[in-house]
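Here are my notes after going through the model you sent. Could you have the viewer open while reading, since I hop around the chain a bit?

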Amino acid sequence: MSPDDYCAEKVKASASSFTAGFRLLDAPRRQALNALYAFCREVDDVVDECHEPAVASAKLDWWRTEIESLDGGQPSHPVTLALAQARKRFDLPVEQIAEIIDGM
């Protein structure tokens with residue numbers, strides 16, 4: 001499964017009405033929003049599903065490291081691989097993506 005397919009599946013599984021408008025976008029914009037929304041779902045799932053604060057904190061720290069890898073590193077997760085492509089196409093600032101984690 002490609003990173004874009006992984007993100008599209010994550011978005012579809014969320015069943016959010018928020019994502020309905022994504023279908024109206026051209027493919028590059030839709031893929032970028034899918035990647036960003038899938039990232040939001042991933043970090044939100046950490047908070048929702050981890051009942052141990054230390055475990056949640058460790059997982060969010062892992063995501064911080066993964067987001068840092070967008071800026072000169074090698075991301076490994078399908079979501080961050082898709083975000084890397086979106087970042088190249090649309091000049092998305094890593095700092096603002098990282099701030100999403102801070103909001104958790």
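1. Starting with an aromatic: Tyr 37 comes out as buried because its relative accessible area is 15%, which falls under the 20% cut-off. Bear in mind throughout that this is a predicted model. On the confidence side, the chain has a mean pLDDT of 93, with 100% of its residues at 70 or more. If you go element by element, H3 has the highest mean pLDDT, 96, and H1 the lowest, 93.

2. How many aromatic pairs does the structure hold? There are three. One of them joins Phe 22 and Tyr 37: the ring centres sit 6.2 Å apart and the planes make an angle of 85 degrees, so this pair is edge-to-face. The pair ties together distant parts of the chain, since Phe 22 is in the loop between H1 and H2, Tyr 37 is in helix H2, and the two positions lie 15 residues apart in numbering. Phe 22 is buried too, at a relative accessible area of 7%.

3. Next, the tryptophans. The rings of Trp 62 and Trp 63 have centres 5.0 Å apart and planes at 85 degrees, so they also count as edge-to-face. Are these two buried or exposed? Trp 63 is buried, with a relative accessible area of 4%, whereas Trp 62 is partly exposed at 39%. Together with Phe 39, Trp 62 and Trp 63 make up one aromatic cluster.

4. Now the core. The largest nonpolar core has 19 residues, and those that touch the most other members are Phe 39, Trp 63, Ile 67, Leu 70, Val 79, Leu 83 and Ile 101. Helices H2, H3, H4 and H5 each put in at least two residues, and H2 gives the most, with five. As background, nonpolar side chains tend to be buried together in soluble globular proteins.

5. Helix H2 deserves its own point. Its 23 residues should span 33 Å at 1.5 Å a residue, and the C-alpha atoms at its ends are 31 Å apart, which agrees. The buried residues of H2 are not just hydrophobic names: among them are Asn 34, Glu 42 and Asp 45, along with Ala 35, Phe 39 and Val 43. The cover over the buried residues of H2 includes helix H1 (3-14), H3, H4 and H5.

6. Helix H5 (residues 94-102) buries Val 94, Ile 97 and Ile 101. Why do these three end up on the same side of H5? They take up an arc of only 70 degrees around the axis, which puts them there. On the face turned away from that buried side you will find Glu 95, Gln 96 and Asp 102, which are exposed. Helices H2 (27-49), H3 (53-68) and H4 (78-90) are included in what covers the buried residues of H5.

7. Ile 101 is a handy residue to click on in H5. Its relative accessibility is 1%, so it counts as buried. Which residues is Ile 101 in contact with, leaving aside neighbours within four places in sequence? They are Phe 39, Val 43, Leu 60, Trp 63, Arg 64 and Ile 67. As for long-range spacing, Ile 101 and Asp 44 are 57 residues apart in sequence, yet their C-alpha atoms are 8.5 Å apart in space.

8. Val 79 gives another view of the packing. With neighbours within four places in sequence set aside, Val 79 is in contact with Tyr 6, Cys 7, Ala 35, Ala 38, Phe 39, Glu 42 and Trp 63.

9. Last, two backbone spots to look at. Most residues other than glycine have a negative phi. Ala 15 has a positive phi, near 50 degrees, and is not a glycine. Ala 15 sits in the loop between H1 and H2, and it counts as exposed because its relative accessibility is 69%. Asp 91, likewise not a glycine, has a positive phi of about 55 degrees. Asp 91 is in the loop between H4 and H5, and at 67% relative accessibility it counts as exposed.

Technical notes: Residues numbered from 1 in each chain as written. Predicted model: local features only at pLDDT ≥ 70, side-chain atom pairs only at ≥ 80, totals over all residues. Heavy atoms only, no water. Buried < 20%, exposed > 50% of the residue type's maximum accessible area, 1.4 Å probe, protein only. Helix = DSSP H or I, 4+ residues; strand = E, 2+ residues; numbered from the N terminus. Arc of directions from axis to C-beta. Contact = heavy atoms within 4.5 Å. Expected span 1.5 Å × (residues − 1). Core = buried A, V, L, I, M, F, W, Y, C linked by side-chain atoms within 4.5 Å. Phe/Tyr/Trp six-rings, centres within 6.5 Å; stacked < 30°, edge-to-face > 60°. pLDDT = per-residue confidence, 0-100.
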